Amino acid sequence: MMHILILGIVPVMYLGAFLIIVTGMTVKKDFLTKIGTKAAAVGFLLHTAGLVMRWVESYQIGAGHAPTTNLYESLVVFIWCLVLYDLLFGYIRGGKLLHFIILPAAALGLFFASLSGSIDRGIQPLLPELQNNWLPLHVICCLLGYAGFATAAAFACLFLVKKREDDFSILSALPGTNELISLITRSMAAGYIFFSAGIAVGAVAAHFSWGAYWNWDPKQTWALVTWLIYSAALHLYTDTRRGRTALAYLTIAGFAAAVFTYVGVESLPSLHHYF
Amino acid sequence: MKITKAGQRLVSIATSPTAAVALFILLALAIVAGSIIPQGEMTESLVGSLSPRVMDALDTFQLFDVYHSFWFILLVTLLVLAVIACIATRIGHPPILPGGRRCPPVPQDSPALSTTIPGRSACRTADELAEIVEVHYHTASRGDTAQGTIIFGRRGPLRLISLLIIHASVLIVIVGMAMGFLLGFSAYVEIPEGDSTDTVYLREDPWKKTLPFTVTCREFSVIQYPNGTPRTYLSRLVFSGKDGDAREKTVAVNHPVSYGKIRFYQSNHGTIPEARITVTEGEHAHVFTVREGSMLQLPGTEPGQEVHILAIESNLMNLGPAIDVGIEMPDEQMRFYVFQDIEKIKESLPSVITETPRLNPGRFEPFLFQLHGIEKRFYTGLKLDYDPGLFLVLAGGLFFLIGVAMAPFSAFERIWIVLRDADSACRISVISLRGGNPAPVAPIVERYLTQREGTRT
C-alpha cells in the first residue's frame, strides 16, 4: 500500500507549494514563486507516481483495473486533472493565478479523500458490469472535462470580482478582464472537448454494458444538462459587456451542473451507483 | 431559390447565437424537470404527496413524460431546424477565391478601427492592401460599393469545416436517435437453462413480440474471482432459424452477440423454483414438472377446467415445501395447497385436512395431488436490442468529436477593410473578427497602417 503513503504526502506538497507562492507574491520575491511552482510540479509527479503504483498494485492483487472505479480513485484522478490544468495554464500562459485557487483546493480534496472515514480506499475486484475496456477512458475524459470546467469557473469568478472592483489593490495584480475572458473560453473549450468525448465514450460503454447507449439515467441526464449549458456558453459572443458577463455566469452555472453530475446525482436512483 | 425578406429574417434568427443559447437553455431546463419530476411508472410515488389539482396541472403539461411531451419534441425539432439552417447558410457561403466576385457585407455592430492616410487615394491604398490580404489570408475578395472599396479576407477555412462537421454531426445523431426510437425495439426475456423461446417481452404495447427464430439457453454459468465474488456471467445460447440454421454463441456481460440484426445482452440472471408433482386419478398417475404460472390440462377433464400453479413455496406456513394450486372451472374456482410433507402434517395434526379444505391435496376430485420436491433452476436474463439508427448515432458522435477537436486549432479570422477618398486623404475602417468576436487587426495590416497613417480613432 505504498501508493496510499505517497498519495498522503501529495496534498502536503500542494499546500506547501501554495504557501511558498503566496509568500513569494506577498514579499515580491520571484524566486520563491518559482520554487513554489516547482514544488507543485514535484507534487504532481508524486501524484502521478501514486496513481501508477495503485494501478500496478491492482494487477498484483488480481483485481487488475485502472484507478477509476470508485469514489476515492475518481477523486484522486479528478484532482490530478485539476493540477494538470493548473500547471499547463501556468506554463503556457505564464500565470500564477490559478495556483491560488487550484492548489489549496487540490490539497483539501486529497486530504478529504485520504482521511475521510466514509470513503473506501481499498482496491476491490471489478463487478462484472464494470469490466468494460471503454470505462476507464470514459471516466478519465469526464474528469478532464470536469477539471476544465472547474478551471473555467475559477476564472469566471475572478472575472466577476475583477469587473466590479477593478481598483482594489490585490485584484489589480490579476490579469485584465480581456485576458480572463480568453482564459475562461480556453479552459471551457478544453473541458468541453474532453467532456463531449467522455459522454460519447460513455455511450459506447453503455451500449456494451446495458444494451442501450442512452437510458435517461440521472447521471446521463445531468451530463447532458451540463453539456447543454456549456454548448450555450460557447455560442455566446463576448464582444459586449453583457455577453462577457453572461459567459461568466453560464460558466459558473455549468460548473454547478457538473458538480451535481459528479457527486449530486448519487441521491437519485441511478445505474451509475458505483461512484 | 430566391428567399423572401421574411424568410431571410427567419433564417437569420434561427442561425443567431441568441437562438442557439435560448434553445440550449430551454432544453437543459426541460431535462432538469424530467430528472426531478418522477417519470412514467414512477409517477405513482407522488400520489398522496401532491394535491390532485397540482397532479392535473403537471399532467396537462406532460411533465410526467417530459421526453415524449409535445413541447420537448417541439424544442428538439426547433434545434434540428436551427442546425439545418446553420449548415445551409455555411454551405451557401462557399469560400471566396482570391479575386473572387463576392464580398460579404460589412458587419455593422462590430467595433472598427478607423484611420486616415493623408495624400493617398483610396484606389492606390486598396491595391496595396489587397495584395497584403491576398498573401496573408487564405481567401480574399475586393469590391466597390456605396460605402467605398471593400477588401475582405478570410483565413482558417478549417474552422469553417470544423463548425460544419459539428453542426452536421448533431443532426446525424438526432436522426439516428429518431430512427432507433421509431423503427427499433428493446425487449427482455428470461430463459431457464435448457429451455427455448421465440417470444420476448416489450415494455410497452403490444407487450410481446415473436422473433423469427428460436433462442435456447444451453448453459448459464458464473465465473468467480478467487475470493468468490462474481467476475462475469456467461450464457451459451443457440439461435435456430426457421430455415434450419442453428448457431451457438456465448453472451457475457459487456460482450453482446448478434443474430438476425438483433443484439443480445447478458442483462441479469437468477433461479426459478420448479416442482415435480404427481396427479393420481384412481390407478392412473401423471407426472409433471411445473413452475409458477404453469397451466395444466388434466386428462379426462372438460375443456375450461384448468389447473394453475399459482406459487411454489420452499416453506409455507412453517410446514415445509408446498405449491399453491388454483382450479379454474366454468362455474367454480377452487384453491388448495399441496405440501410435500403431507403425511407428517397428518400425523401431527390429524384433523387439519378434513377441517381445512384448503390444505386438502385431494380437494379437486377425483384427482389427488402429490408434491415430490422443489428444485431451483438457473435462468439467464437477456436484453434484446434492435436499433437501425445506431450506426448513425455512432458516426455522428465520432464526427462531433472530430469537429470539436479541430475547432481550437483552427481559428477563423475575417477582416473587412473599407476605403474611401476624403479630403485628399484615404479614410480607412478595419473590422477584424476572430470567430464571432472582435479581434486585434492582423500585425501585417497593422504595420502597414501605422507606417502610413495620419490620425487614428
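This report describes the two chains of a predicted model, beginning with their overall form and ending with their contact.

Residues are numbered from 1 along each chain as its sequence is written, while chains are lettered from A and ligands are numbered from 1 in the order in which they are written. Because the model is predicted, local features need a pLDDT of at least 70 and side-chain atom pairs count only at pLDDT 80 or more, whereas totals for chains, interfaces and linings use all residues.

## The two chains

Chain A has 8 helices and 0 strands, and along the sequence its pattern reads α-α-α-α-α-α-α-α. The secondary structure of chain B, by contrast, comes to 10 helices and 19 strands. Helices (H or I, at least four residues) and strands (E, at least two) are DSSP runs, numbered from the N terminus.

The radius of gyration of chain A is 19 Å, close to the 19 Å that the globule rule gives for 275 residues, so chain A is as compact as a globular protein of that length. For chain B the radius of gyration is 38 Å, although a compact globule of 457 residues would have one near 23 Å. This radius is taken over C-alpha atoms, and the globule rule is 2.2 Å times the number of residues to the power 0.38.

The table sets out the extent of each C-alpha trace along its principal axes.

| Chain | Approximate span |
|---|---|
| Chain A | 60 × 40 × 30 Å |
| Chain B | 125 × 55 × 50 Å |

A residue is buried if 20 or more other C-beta atoms lie within 10 Å of its own, exposed if 12 or fewer, and partly exposed in between, with C-beta atoms placed from the backbone. Buried residues make up 49% of the 275 residues in chain A and 26% of the 457 residues in chain B.

Two residues are in contact if their C-beta atoms, placed from the backbone, lie within 7 Å. Among contacts in chain A with a separation of 6 or more, 75% are between residues 24 or more positions apart, and in chain B 59% of the contacts between residues at least 6 apart in sequence join residues at least 24 apart.

The predictor's confidence in each residue is given as pLDDT, from 0 to 100. Chain A averages a pLDDT of 86, and 91% of its residues score at least 70.

## The nonpolar cores

A nonpolar core is a set of buried Ala, Val, Leu, Ile, Met, Phe, Trp, Tyr and Cys residues joined through C-beta atoms within 7 Å. In soluble globular proteins, nonpolar side chains tend to be buried together. The largest nonpolar core here has 117 residues, of which A:Val76, A:Leu82, A:Leu143, A:Ile184 and A:Ile229 touch the most other members. Helix 5 (residues 134–164) of chain A gives the most to this core, with 18 residues. A second, separate core of 22 residues includes B:Val133, B:Phe152, B:Ile417 and B:Ile431.

A:Thr68 lies in the loop between helix 2 (30–60) and helix 3 of chain A, and with 22 C-beta neighbours inside 10 Å this residue counts as buried. Leaving aside neighbours within four places in sequence, A:Thr68 is in contact with residues including A:Pro136, A:Val139 and A:Ile140.

## Strands of chain B

Two strands pair if DSSP finds at least two bridges between them. In chain B, 4 strands form an open antiparallel sheet in the order 12-13-14-15. Strand 12 (295–296) and strand 15 (333–339) of chain B stand at its edges, each with a single partner strand, so one side of each is left without a neighbour in the sheet. Strand 13 (residues 306–313) and strand 14 (residues 322–328) of chain B pair over 7 bridges in the antiparallel sense, with B:Glu313 opposite B:Ala322.

Elsewhere in chain B, strand 18 (residues 425–434) pairs in the antiparallel sense with strand 1 (residues 113–118) over 6 bridges, and B:Ile117 stands opposite B:Cys426. Strand 17 (residues 413–422) and strand 18 of chain B also pair antiparallel, over 10 bridges, and B:Asp421 likewise stands opposite B:Cys426. The hairpin of these two strands has 2 residues between the strands, and B:Asp423 takes a positive phi near 50° there.

## Where the chains touch

In the contact between the chains, 33 residues of chain A meet 39 residues of chain B. Helix 6 (177–209) and helix 7 (218–234) of chain A are the elements that give two or more residues to the chain A side. The residues of that side divide into 21 nonpolar, 10 polar and 2 charged, where Ala, Val, Leu, Ile, Met, Phe, Trp, Tyr, Cys and Pro count as nonpolar, Asp, Glu, Lys and Arg as charged, and the others, Gly among them, as polar.
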